[in-house]
Amino acid sequence: MAEEKKSLFAQRFRGYFPVVIDVETAGFNAKTDALLELAASILHMDEATGLLSIKETFCFNIEPFEGANLEPAALEFTGIDPTNPLRGAVSEDEALKDMFKKIRKAMKAYGCQRAVMVAHNAAFDLGFVNAATERCNIKRSPFHPFVSFDTATLSGLVLGQTVLAKACASAKIDFNNSEAHSALYDTEKTAELFCFIVNKWQELGGWPLAIEADENEDAIEKADDKKVSE
């Protein structure tokens with residue numbers, strides 16, 4: 001039986017499905033500080049051109065978990081009032097399960113095996129999502145537990161800028177500072193930036209590379225996947 005051909009998306013990132021994430025929080029400590037907003041952009045890759053674009057973005061306002069720390073300075077910076085009933089906030093559990101369901105559906109449609117988080121200074125966002133997943137006792141996250149794509153690093157390489165607003169300006173992506181620091185806005189701008197970088201790299205001839213694949217690639221991938229599952 002002939003092996004089913006992988007989609008371009010599944011080929012592009014070694015079977016990983018990149019999902020752009022942004023969180024707004026009540027501090028810097030993922031274990032103790034509240035997660036207040038969570039947004040995700042699902043991406044689409046054109047099978048004819050291989051170009052990335054945003055397919056859809058969704059966002060959740062989140063109730064602080066019981067006993068969560070709320071740093072006044074962080075709330076002043078984001079402008080979020082966790083007590084405002086008009087936020088329509090949901091629990092971490094509801095937000096994560098809904099987000100994970102949407103991600104798995106899209107991931108399956110493109111034939112990818114695992115999601116990988118894309119974020120600006122990604123370790124921060126991944127830490128908060130992992131901590132909330134653990135608090136909610138959710139056993140299976142679609143995200144790789146420690147691999148991430150950091151647009152701060154990528155834009156530093158490609159554009160010479162590491163601040164999101166400045167990187168967007170260099171890429172000629174509109175950025176309104178008065179709308180920044182909401183998870184929805186920052187996620188969409190980060191997604192636009194990631195698509196720009198990936199598409200520009202392809203335009204410059206960077207993918208697919210015209211080099212023969214390493215004969216040991218499959219063995220290396222299997223060893224890596226085994227390490228993650230252990």
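# Exercises on a predicted protein model

Of the 230 residues of the protein chain, 46% count as buried. The model is predicted, and the exercises below work through its features.

## Exercise 1: The overall fold

Task. State how many helices and strands the protein chain holds, and in which pattern they follow one another.

Solution.
1. The secondary structure of the chain comes to eight helices and five strands.
2. Along the sequence, these elements give the pattern α-β-β-β-α-α-β-α-β-α-α-α-α.
3. Contacts can then be considered: of those between residues at least 6 apart in sequence, 73% join residues at least 24 apart.
4. For the surface, the chain exposes about 12,900 Å², and carbon and sulfur atoms supply 53% of this area.

## Exercise 2: The span of helix H7

Task. Determine what span is expected for the 21 residues of helix H7, and compare it with the distance between the end C-alpha atoms.

Solution.
1. Helix H7 covers residues 183-203.
2. The expected span is 1.5 Å times one less than the number of residues, so the helix should span 30 Å.
3. In the model, the end C-alpha atoms of H7 are 30 Å apart, which agrees with the expected value.
4. After the helix comes Gly 205, whose phi is positive, near 90 degrees.

## Exercise 3: Three salt bridges

Task. For the salt bridges of Glu 134, Lys 102 and Glu 192, identify the partner, the sequence separation and the exposure of the residues.

Solution.
1. The structure holds six salt bridges; a pair counts when a side-chain nitrogen of Lys or Arg is within 4 Å of a carboxyl oxygen of Asp or Glu.
2. Glu 134 pairs with Lys 31, with the closest N and O atoms 3.2 Å apart. This pair links distant parts of the chain: Glu 134 belongs to helix H4 (residues 122-135), whereas Lys 31 sits in the loop between strands E1 (16-25) and E2 (35-45), 103 residues apart. Both Glu 134 and Lys 31 are exposed.
3. Lys 102 pairs with Asp 98, and here the closest N and O atoms are 2.5 Å apart. Because the two residues are four places apart in helix H3 (residues 92-109), about one helical turn separates them.
4. To classify exposure, buried means under 20% relative accessible area and exposed means over 50%, with partly exposed in between. Lys 102 has 30% and is therefore partly exposed; Asp 98 has 29% and is also partly exposed.
5. Glu 192 pairs with Lys 189, the closest N and O atoms being 3.2 Å apart. Both residues lie in helix H7, three residues apart, about one turn of the helix.
6. By the cut-offs of step 4, Glu 192 at 31% is partly exposed, while Lys 189 at 11% is buried.

## Exercise 4: Backbone exceptions

Task. Identify which peptide bond is cis, and describe the phi values of Asn 121 and His 181.

Solution.
1. Most residues other than glycine have a negative phi, and most peptide bonds are trans.
2. A cis peptide bond joins Trp 207 and Pro 208, with omega about -5 degrees. Pro 208 is located in the loop between H7 and helix H8 (217-229).
3. Asn 121 is not a glycine, yet its phi is positive, near 60 degrees. Asn 121 is in the loop between strand E4 (114-119) and H4, and its relative accessibility of 45% makes it partly exposed.
4. His 181 likewise has a positive phi, near 70 degrees. His 181 is in the loop between helix H6 (164-170) and H7, and is partly exposed at 31%.

## Exercise 5: The largest pocket

Task. Give the volume of the largest pocket and state which residues are closest to its centre.

Solution.
1. The volume of the largest pocket is about 550 Å³.
2. The pocket is lined by 23 residues, and those closest to its centre are Asp 22, Glu 24, Phe 77, His 181 and Asp 186.
3. The elements giving two or more residues to the lining are E1, helix H2 (72-78), H4, H6 and H7.
4. E1 gives the largest share, four residues.

## Exercise 6: The surroundings of Val 129

Task. Decide whether Val 129 is buried or exposed, and list which residues it is in contact with beyond its neighbours within four places in sequence.

Solution.
1. Val 129 lies in helix H4.
2. Its relative accessibility is 0%; buried means under 20%, so Val 129 counts as buried.
3. Leaving aside neighbours within four places in sequence, Val 129 is in contact with Ile 21, Val 23, Leu 38, Leu 96 and Met 117.
4. Met 117 is twelve residues from Val 129 along the chain, and their C-alpha atoms are separated by 9.9 Å.

Terms used: Residues numbered from 1 in each chain as written. Predicted model: local features only at pLDDT ≥ 70, side-chain atom pairs only at ≥ 80, totals over all residues. Heavy atoms only, no water. Buried < 20%, exposed > 50% of the residue type's maximum accessible area, 1.4 Å probe, protein only. Contact = heavy atoms within 4.5 Å. Areas by Shrake-Rupley, 256 points an atom, 1.4 Å probe, with all protein chains shown as cover. 1 Å grid on protein atoms, 1.4 Å probe; cavity = no way out; pocket = protein on both sides within 12 Å on 5 of 7 lines; lining within 4 Å. Points joined across faces, edges and corners; volume = space filled by probe spheres on them.
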